[in-house]
Amino acid sequence: MKIIMGDFLMLFSVVTIVVTLVFITQGWTLDKGSAQQTGLVQFASKPTGATVEVDQTTLYAKTNTKANVLPGEHEFKVWREGYETWYRKTSVNAGQVLWLNYTRLVPKQKTIKTFNAFENLKQTKVYPNQEEILALNADANGAAVFSVIDIKSDTPKISTLNIPSELFTLITKSAEIPDTPETQFLAADQISIESFTSDNNHVLLKQTVDGVANWILVDLDRPNESQNLTREFNLNFDQMIPISDNGSKILVRTGTDLRRVNTTNKTVSAILVDSITHFETYGNDVVGYIQKQKDSDKYSAGIFKLNETPVIVKKDLVNPKIAVASYYSENYLHVLDGKNIYVLKSTEWPTKQNTLKLSQTITLPFEASVLQVNQEDRIIMASLKNDTFVYDLETDKHYDITTDSKSEETKKITWFDSFVMYGFNDGQLTIHDFDGANKHPLMDALEAFPATFSSNNKYVYAIQATEDGKYTLAQLKMIID
């Protein structure tokens with residue numbers, strides 16, 4: 001009998017322990033004598049090793065860390081010595097995960113260095129991997145000079161990119177001295193840096209001369225192997241987006257026709273869609289587009305996978321903008337038209353018939369002209385001048401952000417990373433979270449040029465003006481040694 005009773009007590013203890021562990025792992029806790037399910041909050045910061053406070057209670061572990069928190073509204077603080085405190089007040093839901101994993105701590109004392117003076121900088125564009133910057137400068141004669149700025153190390157290094165001049169249409173300049181030959185050069189004002197391929201080894205340049213565009217696919221490792229695609233295909237291209245890692249396949253708009261070109265075997269496809277005014281891509285095989293409706297001044301929004309049938313998903317639009325996205329196994333086409341954002345989604349991309357259904361219509365407080373999604377495709381942003389509207393698909397919350405700049409030329413707010421945005425307020429590069437919180441001016445910067453984090457998140461880079469009218473690369477240290 002004693003043996004049986006002992007076995008029973010042991011079994012009861014094991015069952016109790018198992019039930020308790022399941023109870024804990026599923027986020028249940030005892031609060032004032034009753035069981036209540038908590039929510040899980042995940043914390044991460046750049047830099048790591050920061051202290052976390054939940055409602056003025058300090059967690060034992062530093063970032064990156066997590067905590068079970070009772071449902072309801074809470075105040076969260078993340079701080080580390082030498083940095084500004086990050087703060088957020090938000091709700092936690094039972095049985096759900098709240099991701100506060102995007103904290104960027106800003107140093108209280110800002111260390112800024114400058115490098116590489118440029119005489120007349122025209123444009124800069126950051127490589128997708130955030131390890132280099134392509135710069136277009138004009139020399140004293142207005143000729144284009146291409147430079148690659150390497151920002152992988154603590155000290156940026158600059159090198160000249162020599163692209164064969166015969167790929168471009170050159171300007172002939174008469175000699176100022178009699179009996180001396182004419183000179184030819186590439187005018188910097190005619191060039192724009194369009195887009196990189198995902199392998200970071202190719203970039204599309206557009207040269208516009210008398211309203212006619214030359215498109216050049218530049219091989220950044222082997223510039224002599226670069227191609228003038230306008231001449232190669234004898235077509236006038238209005239828009240180009242690479243759909244392969246190395247630029248061998250590119251979607252192009254010729255007038256109002258969408259086609260696909262292969263830069264390796266020099267082939268061009270039949271018309272994929274006609275009457276289009278703009279297109280966007282997702283990955284290398286999904287295309288969203290805006291199409292002019294026949295016998296009408298209205299537009300339609302469509303989408304398709306390459307080698308599948310194009311499908312119209314929204315008609316009778318006045319001035320649409322689109323963004324193609326995919327978030328947590330749901331595929332999206334967001335359509336902005338005036339004050340409305342139409343959110344269409346499906347678990348599958350359309351093939352022969354429309355699978356994207358209207359999920360919701362978001363009404364904006366203003367008529368937006370720009371539509372963007374963040375890098376994770378979770379957050380929608382619409383903006384017009386100093387007004388920005390942000391909607392979070394994950395939490396079903398929206399935020400109105402107004403830029404308090406006095407400048408009439410304030411550029412739109414754009415993404416710094418997946419959750420942090422930046423803009424320029426009266427000559428100051430300023431960052432804030434996607435909801436407008438944790439706003440910090442970083443440094444003087446020119447809004448005509450993009451800013452970027454370095455790939456290791458240690459620095460922020462932007463372009464500043466010098467006292468003598470030149471341009472310089474500014475480096476702000478974000479992670480204190």
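Start by selecting N331 and S346: S346, in β31, is the bridge partner of N331. The model you have open is predicted.

**Stop 1: the sheet around N331**

Widen the selection to residues 330–337, which form strand β30, and residues 340–346, which form strand β31. The two strands run antiparallel, and seven bridges join them. Now bring in the neighbours. β30 and β31 belong to an open sheet of four strands, in the order β29-β30-β31-β32. Pairing in this sheet is antiparallel. Which strands stand at the edges? Select 320–327 for β29 and 357–363 for β32; each of these edge strands pairs on one side only. Turn the view and follow the twist, which averages 20 degrees from one strand to the next.

**Stop 2: another four-stranded sheet**

Select K113 and Q475. Q475 lies in β43 and is the bridge partner of K113. Then show all of β10 together with residues 471–477, strand β43. This pair is antiparallel and spans six bridges. Add β42 and β41 to complete an open sheet of four strands, ordered β10-β43-β42-β41, with antiparallel pairing. β10 (112–118) and β41 (452–453) are the edge strands, and each has a single partner, so one side of each is left without a neighbour in the sheet.

**Stop 3: salt bridges**

Switch to side chains. Side chains of opposite charge can pair when their charged atoms come close. How many salt bridges does a search of the whole structure find? The count is twelve.

Select D189 and K122. Their side chains meet in a salt bridge, at 3.0 Å from N to O. D189 sits in the loop between β16 (183–185) and β17 (191–196), while K122 is in strand β11 (residues 121–126), so the pair ties together parts that are 67 residues apart in sequence. Turn on the surface. D189 is exposed, with a relative accessible area of 64%. K122 is partly exposed, at 33% relative accessibility.

Move to K152 and D150. They form a salt bridge whose closest N and O atoms are 2.7 Å apart. K152 counts as partly exposed, at 41% relative accessibility.

Next, select D392 and R378. Here the side chains meet in a salt bridge of 2.7 Å, N to O. D392 is in strand β35 (residues 387–392) and R378 is in the loop between β33 (370–373) and β34 (379–384), so this pair links parts that are 14 residues apart in sequence. Are these two buried or exposed? D392 is buried, at 0% relative accessibility. R378 is buried too, with a relative accessible area of 6%.

For a group of three, select D219, R222 and E225. Salt bridges link them in a network.

**Stop 4: the second largest pocket**

Keep R378 selected, for it is one of the residues lining the second largest pocket. Rolling a probe the size of a water molecule over the atoms shows where empty space is left. This pocket has a volume of about 220 Å³. Add the rest of its lining: T90, S91, V92, N93, Q96, V97, L98, W99, E394, T395 and K397. Which elements give two or more residues to that lining? They are β8 (86–92) and β9 (97–104). Finally, colour the lining by residue type. The lining divides into four nonpolar, five polar and three charged residues.

Definitions and conventions. Residues are numbered from 1 along each chain as its sequence is written. This is a predicted model: local features need pLDDT of at least 70, side-chain atom pairs count only at pLDDT 80 or more; totals for chains, interfaces and linings use all residues. Side-chain values use heavy atoms; hydrogens and water are left out. Two strands pair if DSSP finds at least two bridges between them. Axes are lines fitted to C-alpha atoms, for helices over the stretch in contact, and angles run from 0 to 180 degrees between N-to-C directions. A salt bridge is a side-chain nitrogen of Lys or Arg within 4 Å of a carboxyl oxygen of Asp or Glu. Buried means under 20% relative accessible area, exposed over 50%, partly exposed in between (1.4 Å probe, protein chains only). On a 1 Å grid over the protein atoms alone, a cavity is a set of points where a 1.4 Å probe fits but cannot get out, and a pocket is an open set with protein on both sides within 12 Å along at least five of seven lines; lining residues have an atom within 4 Å of a point. Grid points are joined across faces, edges and corners, and a volume is the space filled by probe spheres set on the points. Ala, Val, Leu, Ile, Met, Phe, Trp, Tyr, Cys and Pro count as nonpolar, Asp, Glu, Lys and Arg as charged, and the others, Gly among them, as polar.
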